[in-house]
Amino acid sequence: MFLVKPQLILQPKHLLSKLLIGCMIMAGVNSCPRLMVVSDLDLTMVDHYDSENHSLLRFNALWEANYRHNSLLVFSTGRSPAIYKQLRKEKPLLSPDITVMSVGTEIAYGESMVPDNDWVEFLNQNWDRNMVIEETRKFPELIPQSETEQRPHKVSFYIEKDKAGEVIKALSESLEKNGLDFKIIYSGGIALDVLPHGAGKGQALAYLLKRLKTEGKVPDNTLACGDSGNDAELFSVPEVYGVMVSNAQEELLQWYAENAKNNPNIIHATERCAAGIIQAIGHFSLGPNTSPRDVPHFSECKPDNVNPGHEIVKFYLFYERWRCAEVEDTDPCMENLKVDYHPAGVFVHPSGVERSLHDCINAMRSCYGDKQGRKFQVWVDRVSPVQMSSDTWIVKFDKWELSGDERHCCITTVVLSSKGADASDGFTWRHMHQTWLEGWGGKDHSNWLF
């Protein structure tokens with residue numbers, strides 16, 4: 001495995017600079033990011049064997065409560081845009097600030113996924129996709145993946161594990177004879193991708209770090225996370241921490257044994273998937289690593305730096321636990337909750353109906369435990385606080401709710417004010433307004449309380 005170095009001589013370009021900075025502004029990052037997490041998806045961030053998505057939801061709560069406002073989240077996946085978007089419909093994934101897809105051959109920014117055309121131009125150099133297809137047809141062992149996975153700079157196949165070594169050797173010799181600059185990546189014990197030589201997850205990460213440096217926005221720390229062979233390059237980027245989750249596959253563990261066993265900045269976690277990422281954040285002392293979901297009593301959940309994001313996450317975790325009867329239904333509990341809500345505060349339901357916040361709190365009593373023993377999960381995404389004055393914040397976020405097989409989302413805006421001289425004394429909720437996210441609205445509004 002080679003050391004990944006940026007091969008593109010980067011010149012600041014107005015459009016791309018605006019995209020990158022705009023992406024950071026939307027994330028609330030106005031200075032150098034505190035942390036940039038760069039994670040693979042399948043069996044790294046997402047555990048397909050965890051039907052309840054516990055570890056993913058733990059990471060979500062940690063990120064939105066402690067990192068969203070000053071850090072960057074990057075998904076680096078082998079998936080094409082089509083099946084990446086499908087995964088987002090199936091799993092409670094957060095919205096990343098940057099998405100790297102198709103094994104590092106496509107880079108997109110923000111929720112609208114604006115493509116990086118400079119990266120495309122770079123990968124076009126000495127790349128002949130038609131010739132790659134012509135040469136790979138000579139190997140019947142290579143079974144083409146679906147059309148969605150065949151991308152401009154990625155030609156993808158399945159191959160049986162016992163045949164992979166011999167075919168990779170012969171295919172490499174064939175492509176070299178045709179003068180192509182290429183790279184073959186084998187991962188998961190079954191998938192084989194042919195890419196331009198300058199492509200790959202590691203090269204894409206190096207490119208992003210170079211871009212951020214050009215803009216004076218180099219992250220304080222970067223953590224790369226993976227489980228398979230196509231993630232190995234991520235760990236070869238200089239000055240990057242790395243975690244191989246406990247369920248890492250054989251080809252990545254072999255690379256680690258041969259190339260990085262004595263590197264203290266790369267660890268093999270003892271936890272699976274997203275739980276392993278949380279473990280690595282703590283191991284390397286990159287910031288808070290206790291997810292609010294791991295705190296049984298919210299009175300014990302006090303972050304070092306109180307921020308509106310933590311307040312939002314804390315309330316919706318309480319709301320989930322209330323509906324599932326995982327907290328006690330007592331008068332003092334409800335009265336303590338009311339203290340955090342202004343007596344004149346108003347809640348505007350997605351249907352347009354207005355109620356006082358205190359009436360909404362009272363209405364929660366009738367819904368106590370109505371989801372007990374059933375699948376009910378609540379999470380928030382894209383928590384974006386803007387401080388309007390010394391003691392007032394406007395916080396926008398997406399609130400997601402999964403009840404059984406039904407999943408709904410509303411765009412939420414909350415006005416918070418600090419209880420004391422600063423946010424360390426906690427917040428008072430003064431106003432809340434919700435509208436359905438297009439395509440994710442609920443037909444039955446009766447059980448949508450907050």
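A residue is called buried here when its relative accessible area is under 20%, exposed when that area is over 50%, and partly exposed in between. Keep that cut-off at hand for the exercises below, which all concern a predicted model.

**Exercise 1. Find out how far the model can be trusted, and where to be careful.**

Solution. Start with the whole protein: its mean pLDDT is 91, and 90% of its residues reach 70 or more. Next, look at the start of the chain, where pLDDT stays under 50 over residues 1-12. The model does give this stretch 34 contacts beyond four places in sequence. Where pLDDT is low, however, predicted coordinates should not be read in detail.

**Exercise 2. Check the length of helix 6, then describe its course and its surroundings.**

Solution. Step one is the span. Helix 6 covers residues 161-177, which makes 17 residues, and at 1.5 Å a residue it should span 24 Å. The C-alpha atoms at its ends are 25 Å apart, so the expected and modelled values agree.

Step two is the course of the helix. There is a kink of about 30°, and its centre is Val 167. Val 167 is also among the buried residues of the helix, together with Ala 164, Leu 171, Ser 172, Ser 174 and Leu 175.

Step three asks what these buried residues pack against: the partners are helix 5 (129-136), strand 8 (182-187) and strand 9 (191-196).

Step four is the exit. Just after helix 6 comes Gly 179, with a positive phi of about 75°.

**Exercise 3. Classify Ser 174 and place it relative to Thr 77.**

Solution. Ser 174 belongs to helix 6. Its relative accessibility is 14%, and because this is under 20%, the residue counts as buried. For the distance, go from C-alpha to C-alpha: Ser 174 and Thr 77 are 28 Å apart in space and 97 residues apart in sequence.

**Exercise 4. Describe helix 2 and how it packs against helix 10.**

Solution. Begin with the length again. Helix 2 has 13 residues and reaches 18 Å from its first C-alpha to its last, close to the 18 Å expected.

Now turn to burial. Helix 2 is mostly covered, with 11 of its 13 residues buried. Among them are Phe 59, Leu 62 and Trp 63. The buried residues pack against strand 1 (36-39), strand 2 (72-76), helix 9 (273-283), helix 10 and strand 15 (376-389).

For the helix pair, two quantities are needed: the angle between the axes and the distance between them. Helix 2 (residues 54-66) and helix 10 (residues 308-323) pack at about 145°, and their axes are 6 Å apart. At the contact, Ala 61, Glu 64 and Ala 65 of helix 2 meet Gly 309, His 310 and Val 313 of helix 10. By type, the contact residues divide into 3 nonpolar, 2 polar and 1 charged.

**Exercise 5. Zoom in on Ala 65: is it buried or exposed, and what does it touch?**

Solution. Ala 65 sits in helix 2. With a relative accessible area of 0%, Ala 65 is buried. Leaving out residues up to four places away in sequence, Ala 65 touches Pro 292, Asn 307, Gly 309, His 310 and Val 313. To place Ala 65 against His 283, note that their C-alpha atoms are 19 Å apart in space, with their positions 218 residues apart in sequence.

**Exercise 6. Compare two residues that have a positive phi without being glycine.**

Solution. Take Leu 43: its phi is about 65°, and it lies in the loop between strand 1 and helix 2. At a relative accessible area of 19%, Leu 43 is buried. Then take Asn 126, whose phi is about 55°. Asn 126 lies in the loop between helix 4 (117-123) and helix 5, and at 42% relative accessibility it counts as partly exposed.

**Exercise 7. Set Phe 157 beside Ile 83.**

Solution. Phe 157 is part of strand 7 (residues 155-158). At 6% relative accessibility, Phe 157 counts as buried. Beyond four places in sequence, the residues touched by Phe 157 include Leu 142, Ile 143, Pro 144 and Leu 192. The C-alpha atoms of Phe 157 and Tyr 186 are separated by 9.6 Å.

Ile 83 lies in helix 3 (residues 81-90). Its relative accessible area of 28% makes Ile 83 partly exposed. Beyond four places in sequence, Ile 83 touches Thr 148 and Glu 149.

Definitions and conventions: Residues are numbered from 1 along each chain as its sequence is written. This is a predicted model: local features need pLDDT of at least 70, side-chain atom pairs count only at pLDDT 80 or more; totals for chains, interfaces and linings use all residues. Side-chain values use heavy atoms; hydrogens and water are left out. Helices (H or I, at least four residues) and strands (E, at least two) are DSSP runs, numbered from the N terminus. The expected span of a helix is 1.5 Å times one less than its number of residues. The bend at a residue is the angle between axes fitted to the seven residues ending there and the seven starting there. Buried means under 20% relative accessible area, exposed over 50%, partly exposed in between (1.4 Å probe, protein chains only). Contact means heavy atoms within 4.5 Å. Axes are lines fitted to C-alpha atoms, for helices over the stretch in contact, and angles run from 0 to 180 degrees between N-to-C directions. Ala, Val, Leu, Ile, Met, Phe, Trp, Tyr, Cys and Pro count as nonpolar, Asp, Glu, Lys and Arg as charged, and the others, Gly among them, as polar. pLDDT is the predictor's confidence in each residue, from 0 to 100.
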